Amino acid sequence: MRPRRAPVLLVVLAVWGLLLGGAWAQEPLECPEPGGRLVAVGSQVTRIQGERRVELGCTEPGGPGAIRALAPHPDGTTYIAAQRGLFAVSPEVDVLDAVDLRDGVPPGAPVGAHVDGRGKLWLLTDGAFGCVDTDFYFGRTFGVADGVGPGPYRALRLGRDGALELRDGSQPVVYRPGRLPKPRLQVRGVAGQPYRPEVALAVAGDLPIEAACDDGATLRWRRVGHHLWQPLEVPPVVPAFPPGEHRFELIALDRELQASDPVPVVIRVAYPFYYQKQVLLGIAGGVAVVLLGGFLVAGRGGGWGAVLRAIASAGLAMVVLLQVAAGLAGHGRSWPFVGYSMYTERYGEGSLVYKTVLIGIWPDGSRREITPGRAGLTMDDPFQRIAPLIHGGDAERREFLGLCNRAQPHDPLRGFLVASKRYRLTDQGPVAVYPVILARYEES
Amino acid sequence: MAPVNGSFWQRFWYAPVPLTRLAAFRIIIMILALWDLVGYSRLVLPEAAAVSGAGTPRPWNPIFAFEVLGLQPIGLPVATAVYTVLLVAIACGILGIATRVACLVVALLAFYWSGLAYSFGKPHHDKIALVFALLALPLAPVGARLSIDSLIARVRRVRRGGAPTDVPRQSEWAGIPMRLCQLTIALGYFLAGASKLKLGGLEWLNGYTLQGIMMGHDNHWSAFFAGNRRACQVMSAGLVFTQFTYPVVLLWPRLLWFYIPSVTLMHLITWHTMDTGPYMSLWLTQVAFLPLDRAPAAVRTWLTTGPLLRRLVAFLGTAAVIALVLYVLFMNIPTWVAWFLVWPAAAAVLWLWPGGKVVGVFDGGCGFCRRALAVLHGLDWCGKVAVQNLVQWDEVAQRFPQLDAEACTRDLHVVDARGRVSVGFGAYQVLAWRLPLVLPLAPLLYLPPVTTIGRKIYRGIADGRRRDLGHGVCRIGPSG
């Protein structure tokens, strides 16, 4: 070996040594999951179930990046704080998928994560700390007012008594979740009118909400039948609704995303005059008369046969015209004159597709998909029956379980889950990613 | 004739159409109405029971028509009554008893039945063509063929002095239900295709969209079809093209050979990839485009002539279509109804059987015989029975020298292709095997007690007819 090459070789060896040493030095992260455990080393997560080892893939082409924390959720999902964002995996799937985070989530690259006993995800990023709702993935970023001083923090550890320790190299900052009382919300007015439960308020345009809630709480709203809670700014204004009667709900969320009881609001938005029954029927009648006149004139001199044909022609022309008009306007309740806007949504590469299903839990713990038909319920589509199980409380869920078990007493269920099966769309086809558990009910 | 005669509108709606085509369309639409009724009863009857206090009904959100008419939810007794009336009306519509009234009752109550289901849930668009076909059926002479009404009408026509086999064959009102059904189907597909382009844009064709829609509804074929994005792209483009351009079949009917299989295939795939249900109330209504009166002859030609391979393909194709329709039909209809299928199956064998033709020798000068001939002609759907009028005895004697004139005036004679003669009740036994509607009775006519009783009844009627001769109703013998 020539002497002048020796320093170069030494540098190369040193770099390799540092890299390898760094990898060896990084302790594997490990956490349990139903049926086994997950082990993360570097950017690779491995599932170990007895003798079976599966190296999990990732829907992100570049992978998750260096993995910094694993946070198991009671529903079986494991959240993975990684260099390229927050990922999740569940026992049903062999692939990590980026969590679609919504508003309020702490910005930045995740550094640490922990799920508390209520299923809330505590997330520390390189820029902020906060709480994430694991049903809808909206969040709340903590500030000084929430008892957490300015970072940056480098690590999140679970301390004694469930306390969360945020470390920045010096004395840790401790936050103890789960100590806040359930928030309360009092709605006083909607769109300038006094709020009255179950009384439809006649409104038009945006709906300013006058409400009182605990300090630090934020408000959210959703239409009844739509499960996603939408954020409200300060002052809170619910966006305008289309004509017709609508129901929506308001909740207050404290900084730990604990929700108040929902407050239902019923509103009625007037139809424009041209949608009113009398006007529509009047226009249709007028067109029919004009058509009849036209056909009668065209068939004049043809005797009764021509008159009958004119009447039939006017009716047929009306039917065809109404079909075209309904097809352009697109409304279902004018059936059998309807629009055809079904299946017109668009998806692209990486889009997430949801299918909400019921999963029955048998006394031996086994699980299978069931339909609401098991409870003898009628429905147009399963979600019509599943939605109340998501939105309602344990009373609705208990009633549904009772219906199921009365309908099939020889094969009773112990409980059920409402899960959103999810697929990530890729060029190679859809990839099943971790489902979201929207509701759970089990009887002991 | 109206001055608009010859205009596009006039030709489209009022071009004369064979009454047999209309009748076949009526029967198919009625069977579809039955399938739909039984299927939707699973939605309507439980809600009605809930209204009657057996649970909590889903929220009542009436369709616009119900709102205008002020219709409200009904309880179980009313729902059961409506269901029963509908079943009876559909049966009458299929058999052709008070056909127009039955069709009108079915149209109104089927609309009501669907409206009830949709007012408790959400409206669907799979049976719009069926609903408009039902509403248009009463406008046309729906009972003029393949119906009990038509048999009665034939007898009445003979009583008024008409010829037994002289019946109107087409009507300018006969095409209206089929035309409205065609137009509704074409508009529906066009608007569905146009909506995808208008609301989804060209991005709808990117393959991911179809992948997403399939997986969002996730049935047992979804993963297979959604697994290849390129294939999804091709399917998206084909789907939108077929839907958007479907109305061209109204201008170039030959294109039905492409469009009917294409959209049927599309619905079958969406059934298994998107859990839409079989959608038969839409794709089967495409029979409105077909010359149903000519279909049996065409199928018979495909099955019985030409190269063996072509016949085999035709057989497999026909069997597949029939099997598919029956499979979907029996998803709603109780399986014991399948026993009734032995009847049309036997009729189909009879119809395909190349031989078996007979000649019935009738006394054309006898009123009773003429009425019997009118009924026989109305029942001879397979064209197996030719008629020879006894009045032209010279022709009869030349053709069938084995017949005796005196015996022919006394009894009905039927001669088969081999020259074998069946007389009296035996002639009716022979005829029963050749008339599809009475085919199930044919074996029964050979049971000993039935034969004995049948002969006695026949003798009584035949002798009674002879006694009529004394009143100048009938003439006896070839010389009159």
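# A tour of chains B and A

H2(B) and H4(B) are roughly antiparallel to each other. The model on screen is predicted, and this helix pair is the place to begin.

**Stop 1: the helix pair in chain B**

Select residues 19-54 of chain B for helix H2 and residues 76-95 for helix H4. Their axes lie 9 Å apart and make an angle of about 175°. Because angles over 145 degrees count as roughly antiparallel, the pair falls into that class. Now colour the residues of the contact between H2(B) and H4(B) by type: 19 are nonpolar, four are polar and one is charged.

**Stop 2: chain B as a whole**

Zoom out to show chain B alone. Its C-alpha atoms fill a box of roughly 85 × 60 × 55 Å along the principal axes. A cartoon view shows 21 helices and six strands in chain B. Of the 480 residues in this chain, 51% are buried. Take the contacts in chain B between residues at least 6 apart in sequence: 74% of them join residues at least 24 apart.

**Stop 3: the largest nonpolar core**

Which residues touch the most other members of the largest nonpolar core? Select Phe25(B), Leu86(B), Trp113(B), Leu134(B), Leu137(B), Tyr246(B) and Met280(B) to see them; the core itself has 118 residues. H2(B), already visited, supplies the largest share of this core, with 18 residues. In soluble globular proteins, nonpolar side chains tend to be buried together.

Centre on Tyr246(B) and show what surrounds it. Setting aside neighbours within four places in sequence, Tyr246(B) is in contact with Ile185(B), Ala186(B), Tyr189(B), Tyr259(B), Ile260(B), Val263(B), Gln286(B) and Phe289(B).

Another core, of 47 residues, lies apart from the one just shown. To find this other core, select some of its members, including Ile67(A), Val132(A), Leu358(A) and Tyr441(A).

**Stop 4: a helix of chain A and its cover**

Select helix H4 of chain A, residues 382-391. Its buried residues are Arg385(A), Ile386(A), Ala387(A), Leu389(A) and Ile390(A). What covers the buried residues of H4(A)? From chain A, the cover includes strand E26 (352-361), helix H5 (394-407), strand E28 (415-426) and strand E29 (429-442). H2 of chain B is also part of the cover.

**Stop 5: Ala40 in chain A**

Go to strand E2 of chain A, residues 36-41, where Ala40(A) sits. Is Ala40(A) buried or exposed? Its relative accessibility is 1%, so Ala40(A) counts as buried. Leaving out residues up to four places away in sequence, Ala40(A) touches Pro28(A), Leu29(A), Val45(A), Ile67(A) and Leu70(A). Ile67(A) was also named above, as a member of the 47-residue core. Draw a distance from the C-alpha of Ala40(A) to that of Ala69(A): the separation is 8.6 Å, with the two positions 29 residues apart along the chain.

**Stop 6: cysteines**

How many disulfides does a search of the whole structure find? The count is zero over all chains. Select Cys31(A), which is in no disulfide; the nearest cysteine sulfur belongs to Cys58(A), 16 Å away. That distance is too far for a bond, because a disulfide requires sulfur atoms within 2.5 Å. Cys31(A) is buried at 5% relative accessibility, whereas Cys58(A) is partly exposed at 23%.

**Stop 7: cis peptide bonds**

Two proline positions in chain A come next.

- Val234(A) and Pro235(A) are joined by a cis peptide bond with omega of about -5°. Pro235(A) is in the loop between strand E22 (230-231) and strand E23 (237-238) of chain A.
- Trp335(A) and Pro336(A) are joined by a cis peptide bond with omega of about 10°. Pro336(A) is in the loop between helix H3 (303-329) and E26 of chain A.

E26 is one of the strands seen covering H4(A).

**Stop 8: positive phi in chain A**

Select Tyr137(A), in the loop between strand E12 (129-132) and strand E13 (139-141) of chain A. Although Tyr137(A) is not a glycine, its phi is positive, at about 65°. Tyr137(A) is buried, with a relative accessible area of 4%.

Finish at Glu198(A), in the loop between strand E18 (193-194) and strand E19 (201-203) of chain A. Glu198(A) is not a glycine either, and has a positive phi of about 60°. With a relative accessible area of 49%, Glu198(A) is partly exposed.

Notes: Residues numbered from 1 in each chain as written. Chains lettered and ligands numbered in written order. Predicted model: local features only at pLDDT ≥ 70, side-chain atom pairs only at ≥ 80, totals over all residues. Heavy atoms only, no water. Buried < 20%, exposed > 50% of the residue type's maximum accessible area, 1.4 Å probe, protein only. Axes fitted to C-alpha atoms, helices over the stretch in contact; angles between N-to-C directions. Helix = DSSP H or I, 4+ residues; strand = E, 2+ residues; numbered from the N terminus. Parallel < 35°, antiparallel > 145°, perpendicular 65-115°, else oblique. Nonpolar A, V, L, I, M, F, W, Y, C, P; charged D, E, K, R; others polar. Core = buried A, V, L, I, M, F, W, Y, C linked by side-chain atoms within 4.5 Å. Contact = heavy atoms within 4.5 Å.
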